[in-house]
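Hi everyone, thanks for coming. Please have the sequence and the model open while I talk, and stop me whenever you like.

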Amino acid sequence: SGPINSFMSWHIWVPLGRLSYSGYLIHIPVMILVLGQTKDEEYFSNFIGFFITRAMSIVGTTYFFAIFWSACFEISFGRIEKLILMGGAKSTSVADKKVIATVKEVEQEKPWGDDPEKQ
């Protein structure tokens, strides 16, 4: 329960972890796609040229496809898994429960009455 644990248990890391894992799964096919498109011989002349033409294009393409991969598979299967594990019951978040309670309180009070013409 130290500062590192509290920092690493933030909810922002969940989607970033999914995106990172999707990028890990997709990067080899993307490397084959990008590097397989060259028809001539490649010579390593300088680091900056290689970094801009190869590394940046592979990383950009990988995370472009990783966003769609995560949206199609990770999120969809996560919802299915939640339905299976929760027994098919629809879960309500804490914020939704607060809104529902507030609406019920307002409906019970009804300061404006049921008939708007009587006011």
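I'll go from the whole chain to two of its helices, then to some single residues, and finish with a pocket.

First, some ground rules. What you see is a predicted model, where local features need pLDDT of at least 70 and side-chain atom pairs count only at pLDDT 80 or more, while totals for chains, interfaces and linings use all residues. Residues are numbered from 1 along each chain as its sequence is written, and side-chain values use heavy atoms, with hydrogens and water left out.

So, what is the secondary structure of the chain? We have four helices and zero strands, and from the N terminus on the order reads α-α-α-α. Helices here are DSSP runs of H or I with at least four residues, strands are runs of E with at least two, and both are numbered from the N terminus.

How many of the 119 residues count as buried? The share is 8%. By "buried" I mean under 20% relative accessible area; exposed is over 50%, and partly exposed lies in between, using a 1.4 Å probe and protein chains only. Now take the contacts with a separation of 6 or more: 67% of them join residues 24 or more positions apart. A contact means heavy atoms within 4.5 Å.

Let's look at helix H2, residues 13-35. H2 has 23 residues and reaches 31 Å from its first C-alpha to its last, close to the 33 Å expected at 1.5 Å a residue. That expected span is 1.5 Å times one less than the number of residues. There is a kink of about 45° at Ile26, shortly before Pro29. The bend at a residue is the angle between two axes, one fitted to the seven residues ending there and one to the seven starting there.

Now helix H3, residues 47-85. Its end C-alpha atoms are only 50 Å apart, whereas a straight helix of 39 residues would span 57 Å. H3 has a kink too, of about 35°, centred on Ser70.

How do the two helices meet? In H2, the buried residues are Ser22, Gly23, Ile26, Val30 and Val34, and they pack against H3. On the other side, Arg54, Ile58, Thr62, Ala66 and Ser70 are buried in H3, and H2 is part of what covers them.

Let me walk you along that meeting line, residue by residue. Thr62 sits in H3. Is Thr62 buried or exposed? Thr62 counts as buried because its relative accessible area is 4%. Setting aside residues up to four places away in sequence, Thr62 touches Gly23, Ile26, His27 and Val30. So Ile26, where H2 has its kink, is one of the residues that Thr62 touches.

Pro29, also in H2, is 33 residues from Thr62 in sequence, yet their C-alpha atoms are 8.8 Å apart in space. Pro29 counts as partly exposed because its relative accessibility is 48%.

Elsewhere on these helices, Arg18 in H2 contacts Ser70 and Glu74, leaving aside neighbours within four places in sequence. That Ser70 is the residue on which the H3 kink is centred. Arg18 is partly exposed, at 36% relative accessible area. Ala71, in H3, is 53 residues from Arg18 in sequence and 9.5 Å from it, C-alpha to C-alpha. At 41%, Ala71 is partly exposed as well.

Next comes Arg54, in H3. Here is a charged residue that counts as buried, because its relative accessibility is 13%. Apart from neighbours within four places in sequence, Arg54 contacts Val34, Leu35, Thr38 and Glu42.

Arg54 also takes us to the largest pocket, as one of its lining residues. The others are Leu35, Thr38, Glu42, Tyr43, Phe44, Ser45, Asn46, Gly49, Phe50 and Thr53. A pocket, on a 1 Å grid over the protein atoms alone, is an open set of points with protein on both sides within 12 Å along at least five of seven lines, and lining residues have an atom within 4 Å of a point.

How much space lies in the largest pocket? About 180 Å³, where volume is the space filled by probe spheres set on the grid points, which are joined across faces, edges and corners. H3 gives the largest share of the lining, four residues. By type, the lining has four nonpolar, five polar and two charged residues. Nonpolar here covers Ala, Val, Leu, Ile, Met, Phe, Trp, Tyr, Cys and Pro; charged covers Asp, Glu, Lys and Arg; the others, Gly among them, are polar.

That's my tour, and I'm happy to take questions.

Definitions and conventions: On a 1 Å grid over the protein atoms alone, a cavity is a set of points where a 1.4 Å probe fits but cannot get out, and a pocket is an open set with protein on both sides within 12 Å along at least five of seven lines; lining residues have an atom within 4 Å of a point.
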